[in-house]
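Visitor: I have a model here and some questions about it. Could you walk me through it?

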Number of protein chains: 2
Amino acid sequence: MTDDRADDPYLIISSDTHAGLPTAEYRPYLDPAYREAFDGFLAKQEAMAEARRKFGLENEEFAEEWFGEHEEELRAGWDASRRDRELDADGVVGEVIFPDADAVAAGTQAPFGAGLGMIGSDYDPELALAGARAHNRWLAELCRESPERRRGVIVAPIVGDVAGAVAEIRRAHADGLRGGVMIPSIWGHGQAPYHDACYDPVWATCAELGLPVHTHVGAAPRDELGAHLGLYITEVTWWSARPLWFLIWTGVFERHPDLRFGVTEAGVWWAGNLLWQMDVAFDREHGTRKLASFGEHMRMRPSEYFDRNCFLGMSTPKRRELSHRYEVGVGNLLWGNDFPHPEGTWPHTREWLVHAFSDIPVDETRAMLGLSAAANYGFDVARLRPHAERIGPRPSDLGQDKADTSVWDRARETGRHWLTGPDVPAVVGAARKEGAARKEGAARKEGAARKEGAARKEGTR
Amino acid sequence: MTDDRADDPYLIISSDTHAGLPTAEYRPYLDPAYREAFDGFLAKQEAMAEARRKFGLENEEFAEEWFGEHEEELRAGWDASRRDRELDADGVVGEVIFPDADAVAAGTQAPFGAGLGMIGSDYDPELALAGARAHNRWLAELCRESPERRRGVIVAPIVGDVAGAVAEIRRAHADGLRGGVMIPSIWGHGQAPYHDACYDPVWATCAELGLPVHTHVGAAPRDELGAHLGLYITEVTWWSARPLWFLIWTGVFERHPDLRFGVTEAGVWWAGNLLWQMDVAFDREHGTRKLASFGEHMRMRPSEYFDRNCFLGMSTPKRRELSHRYEVGVGNLLWGNDFPHPEGTWPHTREWLVHAFSDIPVDETRAMLGLSAAANYGFDVARLRPHAERIGPRPSDLGQDKADTSVWDRARETGRHWLTGPDVPAVVGAARKEGAARKEGAARKEGAARKEGAARKEGTR
């Protein structure tokens, strides 16, 4: 890139958005044989909503405000043209679409539990596959509108019926879905874990078709956690990230060197420590001398498999998390706005980008905000560029033209300190002393910032 | 402390040592009714050893070298006078004693699985309690030799028979054990998790008797992990730390404000992120607005419960981990040598202390190496001081008299950045650029450093 293009607009791809029909509307997408069972599923929705509220996953006051303020805009969860308008307002040109548009009241669930919360032992494999097919069929339709901007993720409940799931992956791929595959984060007690060879057909198929495999946060063992919301919050990341080290340590990436695996919306904060811990163990540092080898199939360090085969759909990173990016790998981190979930940055992505990225070097920002996702999901950058010219914020819009990016020099030079030499990581503490993140959190809690943001957004249209 | 005492010897307490009889010798300590069952347990030892080897937990080559080099010294696992000699050589005046002295070939197991690897569903509650009683009886005898230097940890398989475990805790406490209580890290599938009120008698009893409750690394769901050693290494820390957030998030420390809980030998590396993640969620930052409250019982931030009620028996911290000490809390971190396990620092603790602490401020070092443990476990510092004068290394022996501790100033000022203002942590990268840790690891892998160290140790006796 030449200097005079330094302030070109960002080509922003959200590697984490959600779409889904209002639950009852999935009916015509279901194979007819399952429609009666679906009526029974619908009849149980109120009981399931009550269970969610009991667990604390729904704050009724917040829900009322959220739906009251955003009723029209939330139709973007299933309406393509409305969706393009919302993405435009957020400055986002492309999206990778996961299920479950409504993460507040669970009003857009694919049938039979085929969604973010999949746990292998919680669903009936035949029904879950039927529900996944219904969602995938509908999603392929959605992606045929503004196709250059959309990559739909195939929902694949692989635990329980591997062959059925593989068939569905091939069917959905042939139907046009190119956003990869989402598998359950959690297999149930007594079910085959993801190191089991029974899943090889899944990995082989996804590698062959160029479909990244994902887990996405959502599932946790609620029976065990009880009605303790804090336990859910603390553990949900771990349960969705867990398949990552199952694949790395057990040779799956040796058997399937072209397989790509990503963990979406689980953040970044745990990843640096994980890579450190795995590498140091693998290098048979003092603490693991007494153990046997990690297996003939481990031909590289764990972090090398991570770099070659894995990525993190980090969604909306905290500043703390971005400060770890040289350990985790800038190129492994894909931003997302989690649209249209309230824990995401929509509809205030432009302001959040300023907050998160104002002192991050432009080339790194370009990679994390869009170019890495373009490569990972096969977006056609040339076709997206005109959208970026039209709606993309520029580095100067993020304040980056005035930034002193040298605060990061040492962290960048250090990288993975356990491989480069230093005995402790380098994290700069140069940045904002004013406690921006906390204040912002407090303000948003009041709903003030959100309303301000809405006003500003109207002003920019 | 006045300046002229600045180079006083360190009073070093290992908050993580291990003792246990050669397995068969536990027989006379068992209630007679269980001795026949114990013969059956002994008969299965070879099969269990084979399973350990298959899992990769035992490296036969290493084991041969380890036992070959240390045959005599390893009698310290159960012989008190030999034990004092080894502690002296390491510069350690006091110890907190967990079970399972032999972590290489599992040759010193308490009967019926009552040890580090306890999983609630893996043992027979009645037998495990019988085994725990046998170990606790023997341990109380051991602690009656040089009692000022020893705090024995009561093994308490609380999952399955709470009342029986409480009775054993009271019995063992009355018998003199004062090192707290070790509970299983893992309850089994379908068993009551530690947020369940059924465990309140355990927490109440331990709070009443002033016994800290511990988990200690060791257990992991091996059936699920299969013969994949890497999975064990990556997960074992998480499984032993997990009860910590179960107690914090579910009000156990509100019901039992005097209860202390520690996680031993799981390191420090995960703790800063955990506190950050819990606090930020609790403060209802943007990402958790949509959720209900975390419960009426949460009257403080999670990190405040951590500071009031919890500690980490960090054992042998890596430099990376020590760099997180201002986030985790210097006063919450208790050093240990993991004696006599090969992944610990024995018999080279003096050299390891130089490596880990040479640039750490002396007052912090005093706390982490001993004074915090003295307070936590009720050691009589006045009685230990003469031992420290005799064997304790001085700050100058660790190179601290020449250290520039100002490299840590910013990290110390920043502390928990999410509470103090800055948006990213401050971790200095000032320290050793030469890759000391890695080289050391490589050297130790060859066994070279260990042998050199042994020679040096002989020289200092």
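What follows is a chat about symmetry, cavities, strands and a few backbone oddities.

Visitor: Before we dig in, what are the ground rules?
Guide: This is a predicted model, where local features need pLDDT of at least 70 and side-chain atom pairs count only at pLDDT 80 or more, while totals for chains, interfaces and linings use all residues. Residues are numbered from 1 along each chain as its sequence is written, chains are lettered from A and ligands numbered from 1 in the order in which they are written, and side-chain values use heavy atoms, leaving out hydrogens and water.

Visitor: What kind of axis relates chain A to chain B?
Guide: The copies are superposed by least squares on the C-alpha atoms of residues with pLDDT of at least 70 in both. A turn of 180° with a shift of 0.0 Å along the axis lays chain A on chain B, at an RMSD of 0.0 Å. That is the relation of a two-fold axis.

Visitor: Which residue of chain A comes closest to the rotation axis?
Guide: Contact here means heavy atoms within 4.5 Å, and 100% of the contact residues of chain A recur in chain B, so the same surface serves both copies. As for the axis itself, the C-alpha that gets closest to it in chain A is 2.6 Å away and belongs to A:V427.

Visitor: How many residues line the largest cavity?
Guide: A cavity, on a 1 Å grid over the protein atoms alone, is a set of points where a 1.4 Å probe fits but cannot get out, and lining residues have an atom within 4 Å of a point. Points are joined across faces, edges and corners, and the volume is the space filled by probe spheres set on them; the largest cavity holds about 360 Å³. Closest to its centre are A:W238, A:W269, A:W270, B:W238 and B:W270, out of a lining that numbers 18.

Visitor: How many charged residues are in that lining of the largest cavity?
Guide: Ala, Val, Leu, Ile, Met, Phe, Trp, Tyr, Cys and Pro count as nonpolar, Asp, Glu, Lys and Arg as charged, and the others, Gly among them, as polar. The lining of the largest cavity splits into twelve nonpolar and six polar residues, and the number of charged ones is: no charged.

Visitor: And the second largest cavity: how many charged residues does its lining have?
Guide: This cavity has a volume of about 300 Å³. Its lining takes in 30 residues, with A:H324, A:V427, B:H324, B:P425 and B:V427 nearest the centre. By class there are twelve nonpolar, twelve polar and, for charged, six.

Visitor: Over to strands. Which residue is the bridge partner of A:H18 in β2(A)?
Guide: Helices (H or I, at least four residues) and strands (E, at least two) are DSSP runs numbered from the N terminus, and two strands pair if DSSP finds at least two bridges between them. Strand β1 of chain A, residues 13–18, runs parallel to β2 (residues 94–98), with four bridges joining them. In that pairing, A:H18 is matched with A:F98.

Visitor: Which are the edge strands of the six-stranded open sheet in chain B?
Guide: Strands of a sheet pair through backbone hydrogen bonds, either parallel or antiparallel. In chain B the order is β4-β5-β6-β7-β8-β9, and the pairing is parallel. Pairing on one side only marks the edges, β4 (154–155) and β9 (333–335).

Visitor: Is B:A411 buried or exposed?
Guide: B:A411 sits in helix α18 of chain B, and touches B:Y326 and B:A426, leaving aside residues up to four places away in sequence. Buried means under 20% relative accessible area, exposed over 50%, and partly exposed in between (1.4 Å probe, protein chains only). Because its relative accessibility is 3%, B:A411 counts as buried.

Visitor: Which residue shares a cis peptide bond with A:P347?
Guide: A:P347 lies in the loop between β9 (333–335) and α15 (349–357) of chain A. The bond has an omega of about 0°, and the residue joined to A:P347 is A:W346.

Visitor: What is the phi of A:F112?
Guide: A:F112 is in the loop between β2 and α5 of chain A, and is buried at 9% relative accessibility. A:F112 is a residue other than glycine, yet its phi is positive, near 60°.

Notes. On a 1 Å grid over the protein atoms alone, a cavity is a set of points where a 1.4 Å probe fits but cannot get out, and a pocket is an open set with protein on both sides within 12 Å along at least five of seven lines; lining residues have an atom within 4 Å of a point.
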